[in-house]
Structure formats: C-alpha cells, structure tokens
Amino acid sequence: MMALVDQARGYALTLVGSDNPDAAGLAWARERELATFALSPKGIGKAAYEQRLDAALRDAEVEVIALAGYMRLLSPDFIACWRGRILNIHPSLLPRHKGLDTHARALAAGDVEHGCSVHLVTAELDAGEVLAQARVPVLAGDTPESLAARVLVEEHRLYPATLAEFVTR
C-alpha cells in the first residue's frame, strides 16, 4: 500500500482501508492526511461489513480498488458490484501457487523461477486475468524468507506501475 501511495502516477488514492483497525498502514496513511476506513467484520458479519465497505468506497468516489495485504476473501456479490475494477498483487507467477505459503510451495516444487502477479479479482481465488508479472530466479540455498524478500522488491515496483497503466487505459 505504501508503494502505491509513494509511486502514484496517473492515479490518486482517495481512501486507504483495512479490516484491522490497528493496522500500521492506517496510521501511516493518517500521518499523510489520507482518508481511511477501518472496520473489523467481527461481530457484524461479512454482509454488513461489505455493505459498509462498499458505502465508504462509493462515498470516497473510488473508481478502482487496489488490494494490498488484504487477506480476507470478498464475497461474490461484492466482487460482482466492482467487477473489473478490483486489482490484487499475489506473490507467485499465477496460475501457479494460488493461495497462501507461495514461497515455500515454490521451493518445495523445485521451481527455478518465482515472482509476483497483478491480477483482476474474481470470485474464484487468484484466478482473474493476469495484468502483469515480475520474475525472480530461485537461488540455491533460498529459504521462503529470502525468496519472499526478493519477490517483495518486485511487488513494490510492479504493482504501482500496473495500477497506473490500468487506470489510464
């Protein structure tokens, strides 16, 4: 999220949101006087949470949602309302290694390269159209942590550039 703000070209972030009111990124955004939305779905349920999220996005005149570190699955109804306007960054070369623990899974599979993908969000997990990818070699002696660190560098380069291209097309 910070890379999206710091490298914004052709787009402006109008709202930074989180399902974790204590997220460090919210404090960072507030320090930069960015509008924020913070609400935990605990105790109110997924449907009510998504209704309030949708209202906040529309109130902020959001046109495109860029997920970054958002680990909650969105409902098919929410995704349908924003169809074609939700992007996500995923730490693998989709369609390989959908879901969690991608770095360990790439190593266990003996992959010679790994990386990250920016994709459109659909109701199927990590299955939307891939808009861009960045590749990194898997090195001898790599651990999930060392591989993740190299992929993260590419995520911070790829996502802002892809978002800018997407919103200005």
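Which residues of helix 3 are buried? They are Tyr49, Glu50, Leu53, Asp54, Ala56 and Leu57, where buried means under 20% relative accessible area, exposed over 50% and partly exposed in between (1.4 Å probe, protein chains only). The close-ups below come from a predicted model, in which local features need pLDDT of at least 70, side-chain atom pairs count only at pLDDT 80 or more, and totals for chains, interfaces and linings use all residues. Residues are numbered from 1 along each chain as its sequence is written, and side-chain values use heavy atoms, with hydrogens and water left out.

**View A. Helix 3 and its two sides.** Helices (H or I, at least four residues) and strands (E, at least two) are DSSP runs numbered from the N terminus. Helix 3 has 14 residues, which at 1.5 Å a residue should span 20 Å, and this agrees with the 20 Å between its end C-alpha atoms; the expected span is 1.5 Å times one less than the number of residues. Looking down the axis of helix 3, you will find its buried residues within an arc of 165 degrees, so they line one face of the helix. That arc is taken from the directions between the helix axis and the C-beta atoms. On the face turned away from the buried side sit the exposed residues Ala47, Gln51 and Asp59.

**View B. What helix 3 packs against, and what follows it.** The buried residues of helix 3 pack against strand 1 (16-18), strand 2, strand 3 (65-67) and helix 4 (76-81), with contact meaning heavy atoms within 4.5 Å. After helix 3 comes Glu61, and its phi is positive, near 55 degrees.

**View C. An aromatic pair between strand 2 and helix 3.** Phe37 and Tyr49 form a tilted pair, 6.5 Å centre to centre with 50 degrees between the planes. Phe37 belongs to strand 2 (residues 36-38) and Tyr49 to helix 3 (residues 46-59), so the pair links distant parts of the chain, twelve residues apart. Both partners are buried: Phe37 at 12% relative accessibility, Tyr49 at 2%. The count comes to one aromatic pair, under a rule that pairs rings of Phe, Tyr and Trp (its six-membered ring) if their centres lie within 6.5 Å, with planes under 30 degrees apart stacked, over 60 edge-to-face and the rest tilted.

**View D. A salt bridge between two loops.** Eight salt bridges are found in the structure, each a side-chain nitrogen of Lys or Arg within 4 Å of a carboxyl oxygen of Asp or Glu. One of them joins Asp19 and Arg72 at 2.8 Å, N to O. Asp19 lies in the loop between strand 1 and helix 2 (24-31), while Arg72 lies in the loop between strand 3 and helix 4, 53 residues apart. Asp19 is buried at 19% relative accessible area, whereas Arg72 is partly exposed at 33%.

**View E. A salt bridge between strands 5 and 6.** Here the side chains of Arg135 and Glu113 meet at 2.7 Å, N to O. Arg135 sits in strand 6 (residues 130-137) and Glu113 in strand 5 (residues 113-120), 22 residues apart. Arg135 is partly exposed at 47%, and Glu113 is partly exposed at 35%.

**View F. A salt bridge inside helix 6.** Arg157 bridges to Glu154, with the closest N and O atoms 2.8 Å apart. The two residues are three apart in helix 6 (residues 144-168), so about one helical turn separates them. Arg157 is partly exposed at 45% relative accessible area, and Glu154 counts as buried at 19%.
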